[in-house]
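Visitor: I should like to learn how the features of a structure are read from its atoms. Please take me through them one at a time.

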Amino acid sequence: NRSKRARRAMEVEKQRMQKLEAAVGCQWIIMGAVWTTFYGYEALGFSKDPDNCYASDFSDLRVTDLHDNETADFVDVGERFDIVFKICYYSSAILLAMGLIHCINVKSIRILTKAIGSCAQ
């Protein structure tokens, strides 16, 4: 009688773990899709923002083109934002891919996707 209860408890625990694993995969798929779309809009150049935008601590004017007049006072924040958006875009794309692969019900694959997905987050 105890062995039946123990087996039943193990089955219930296994089912709970499978549901938890499926929830992790679904969460990564949804988050990855949303953030890939959001960051991809900027990172892939669909935005109408200029590629270069210079800022200075001494001026409130927006400067989009300095040419040869570039000084140490101005910093290209447009380039910095582009780098940040690209890093976030690729991280969210990796998260989306790991969510899709995580749906495969093989323990070794899930361990790998958890490691890569956790790093991408």
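Guide: Let us begin with one residue: Tyr 89 counts as buried because its relative accessible area is 16%. Buried means under 20% relative accessible area, exposed over 50%, and partly exposed in between, with a 1.4 Å probe and protein chains only. This is a predicted model, in which local features need pLDDT of at least 70 and side-chain atom pairs count only at pLDDT 80 or more, while totals for chains, interfaces and linings use all residues. Residues are numbered from 1 along each chain as its sequence is written, and side-chain values use heavy atoms, with hydrogens and water left out.

Visitor: How is an aromatic pair recognised, and how many does a search of the whole structure find?

Guide: Rings of Phe, Tyr and Trp (its six-membered ring) pair if their centres lie within 6.5 Å; planes under 30 degrees apart count as stacked, over 60 as edge-to-face and the rest as tilted. The search of the whole structure gives 5 aromatic pairs. In one of them, Trp 35 and Tyr 39, the ring centres are 5.4 Å apart and the planes are at 25°, so the pair is stacked. Trp 35 and Tyr 39 both belong to helix 1, 4 residues apart, about one turn of the helix. Tyr 89 and Tyr 90 form an edge-to-face pair, with 5.1 Å from centre to centre and 65° between the planes. One aromatic cluster is formed by Trp 35, Phe 38, Tyr 39 and Phe 85.

Visitor: Are Trp 35 and Tyr 39 buried or partly exposed?

Guide: Trp 35 is partly exposed because its relative accessible area is 39%, whereas Tyr 39, at 18%, counts as buried.

Visitor: Which residues is Tyr 39 in contact with, leaving aside its neighbours within four places in sequence?

Guide: Contact means heavy atoms within 4.5 Å. On that basis, Tyr 39 touches Phe 85, Cys 88, Tyr 89 and Ser 92. The C-alpha atoms of Tyr 39 and Ile 87 are separated by 9.0 Å, although these residues are 48 residues apart along the chain.

Visitor: How is the length of a helix checked?

Guide: Helices (H or I, at least four residues) are DSSP runs, numbered from the N terminus. The expected span is 1.5 Å times one less than the number of residues. Helix 1 has 42 residues and reaches 59 Å from its first C-alpha to its last, close to the expected 62 Å. Just after helix 1, Gly 45 has a positive phi of about 85°. Helix 3 (residues 107-120) has 14 residues and should span 20 Å, which agrees with the 20 Å between its end C-alpha atoms.

Visitor: Which residues of helix 3 are buried, and why do they lie on the same side?

Guide: An α-helix has 3.6 residues a turn, so residues three or four places apart point the same way. In helix 3, Arg 110, Thr 113, Gly 117 and Ala 120 are buried. They cover an arc of only 85° around the axis, judged by the directions from the helix axis to the C-beta atoms, and therefore lie on the same side of helix 3. These buried residues pack against helix 1 (2-43) and helix 2 (77-102). On the other side of helix 3, the exposed residues are Lys 107, Ser 108, Ile 111, Leu 112 and Cys 119.

Visitor: How many disulfides are there?

Guide: A disulfide is a pair of cysteine sulfur atoms within 2.5 Å. The count is 0 disulfides. For Cys 26, the nearest cysteine sulfur is that of Cys 103, 5.6 Å away.

Key
Helices (H or I, at least four residues) and strands (E, at least two) are DSSP runs, numbered from the N terminus.
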